[in-house]
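Me: I should like a close look at one part of this protein, namely its nonpolar interior and the elements packed around it. Please take me through it in a connected account.

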Amino acid sequence: ECIIGIDLAEKRDLTAVEIVFRHKDGYARFGKYYLPEETIEQPENEHFRMWRDTGLLTQTEGAVTDDREIKADILELADRFTIREVAFDPHHSRQMAVELMEEGITCIDFGNRPLFMNEPMRKLDALIVDGKLFHDGGFAFAWMLSNVVQRSKNSDLHSPAKERPENKIDGPVACMMALG
């Protein structure tokens with residue numbers, strides 16, 4: 001059984017699908033990442049071309065990420081695993097959630113706001129510190145995780161943020177959504 005978190009890109013940004021399983025006394029996570037061809041081929045995105053060429057990133061055709069390809073991959077995962085639920089941000093992936101629910105997959109709204117992200121961010125941090133987040137060693141997730149900074153609201157609620165637009169954090173955000 002797994003839970004999937006999706007941080008769906010609006011248009012030309014990175015989309016992250018994190019598949020999270022209970023494992024030992026923690027969690028195992030695996031990521032699938034998507035980016036449109038036009039974004040990958042921009043001169044400053046050599047690292048994304050390397051990710052694509054080594055199989056860490058799925059390139060979709062054109063200028064925007066093709067959500068149909070992501071949906072097809074999730075349906076393929078549903079054939080292999082029991083998906084308890086898919087957590088998605090309703091501001092960016094409502095249509096995909098409706099289509100997945102039509103296929104019998106439970107989807108839940110999980111807004112990317114401090115109120116919702118506070119506890120999962122703390123949980124991810126604790127899992128990492130305690131050595132209870134198991135992963136495949138992929139450097140794409142590690143790089144995105146290194147870009148996460150803590151944004152605090154009223155110093156009680158924390159949520160993930162990044163210092164610069166080019167510092168992608170989509171994988172860790174999708175992982176937090178699944179943990180939440």
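Reply: The account below begins with the core, continues with the helices that meet there, and ends with individual residues around them.

The model is a predicted one. Its largest nonpolar core holds 30 residues, and within that set Y33, L57 and L179 touch the most other members. Two or more residues are contributed by each of strand 2 (15-23), strand 3 (26-36), helix 2, helix 5 (114-129), helix 6 (139-146) and helix 7 (170-179). Of these elements, helix 7 gives the most, with seven residues.

L57 offers a convenient view of the surroundings. When neighbours within four places in sequence are left aside, the contacts of L57 are L14, Y33, Y34, L35, I40, F48, W51 and R52. A separate core of 19 residues lies apart from the largest one, and its members include L8, F21, V86 and M96.

Two of the residues touched by L57, F48 and W51, deserve attention in their own right. Both belong to helix 2 (residues 46-53), where they are three residues apart, about one turn of the helix. The model has five aromatic pairs in total. In the pair formed by F48 and W51, the ring centres are 5.1 Å apart and the planes stand at 80 degrees; because an angle over 60 degrees counts as edge-to-face, the pair is placed in that class. F48 has a relative accessibility of 3% and is therefore buried. W51, with a relative accessible area of 2%, is buried as well.

A second pair, F110 with F116, is tilted, with 6.2 Å from centre to centre and 50 degrees between the planes. Its two partners are placed differently with respect to the surface: F110 is buried at 8% relative accessible area, whereas F116 is partly exposed at 34%. Elsewhere, ring pairs join F21, F30 and F81 into a cluster. An aromatic ring also takes part in a contact of another kind, in which the charged end of R29 sits over the ring of F141, 3.7 Å from the ring centre.

The packing of the helices comes next. Two packed helices are described by the angle between their axes and the distance between the axes. For helix 2 and helix 6, the axes come within 11 Å and cross at roughly 150 degrees. Since an angle over 145 degrees counts as roughly antiparallel, helix 2 has that relation to helix 6. On the helix 2 side the meeting residues are H47, M50 and W51, and on the helix 6 side they are F139, A140 and W143. W51 thus appears both in this contact and in the ring pair with F48.

Helix 5 and helix 7 pack at an angle of about 105 degrees, with axes 8 Å apart. This angle falls between 65 and 115 degrees, so the two helices are roughly perpendicular to each other. Helix 5 brings M117, P120, M121, K123, L124 and L127 to the contact, and helix 7 brings P172, V173, C175, M176, M177 and L179. L179 is also one of the residues that touch the most other members of the largest core.

K168 lies in the loop between strand 9 (157-161) and helix 7. At 13% relative accessibility, K168 is below the 20% limit and so counts as buried. Not counting residues up to four places away in sequence, K168 touches D13, L14, F48, W143, M144 and N147. F48 and L14 are among the contacts of L57 too. The C-alpha atom of K168 is separated by 20 Å from that of G180, twelve residues apart along the chain.

L115 presents another case. This residue is in helix 5 and, at 61% relative accessibility, counts as exposed. The C-alpha atoms of L115 and S159 are separated by 8.2 Å, with these positions 44 residues apart along the chain.

K24 occupies the loop between strand 2 and strand 3. Most residues other than glycine have a negative phi. In K24, however, phi is positive, near 50 degrees. K24 is exposed, at 69% relative accessibility.

Finally, I108 is found in strand 6 (residues 107-109) and is partly exposed at 26% relative accessibility. Beyond its neighbours within four places in sequence, I108 is in contact with E85, V86, A87 and F88. Of these, V86 is listed among the residues of the 19-residue core.

Conventions: Residues are numbered from 1 along each chain as its sequence is written. This is a predicted model: local features need pLDDT of at least 70, side-chain atom pairs count only at pLDDT 80 or more; totals for chains, interfaces and linings use all residues. Side-chain values use heavy atoms; hydrogens and water are left out. Rings of Phe, Tyr and Trp (its six-membered ring) pair if their centres lie within 6.5 Å; planes under 30 degrees apart count as stacked, over 60 as edge-to-face and the rest as tilted. Helices (H or I, at least four residues) and strands (E, at least two) are DSSP runs, numbered from the N terminus. Buried means under 20% relative accessible area, exposed over 50%, partly exposed in between (1.4 Å probe, protein chains only). A charge sits over a ring if NZ of Lys or CZ of Arg is within 6 Å of the ring centre and within 35 degrees of the ring normal. A nonpolar core is a set of buried Ala, Val, Leu, Ile, Met, Phe, Trp, Tyr and Cys residues joined through side-chain atoms within 4.5 Å. Contact means heavy atoms within 4.5 Å. Axes are lines fitted to C-alpha atoms, for helices over the stretch in contact, and angles run from 0 to 180 degrees between N-to-C directions. Angles under 35 degrees count as roughly parallel, over 145 as roughly antiparallel, 65 to 115 as roughly perpendicular and the rest as oblique.
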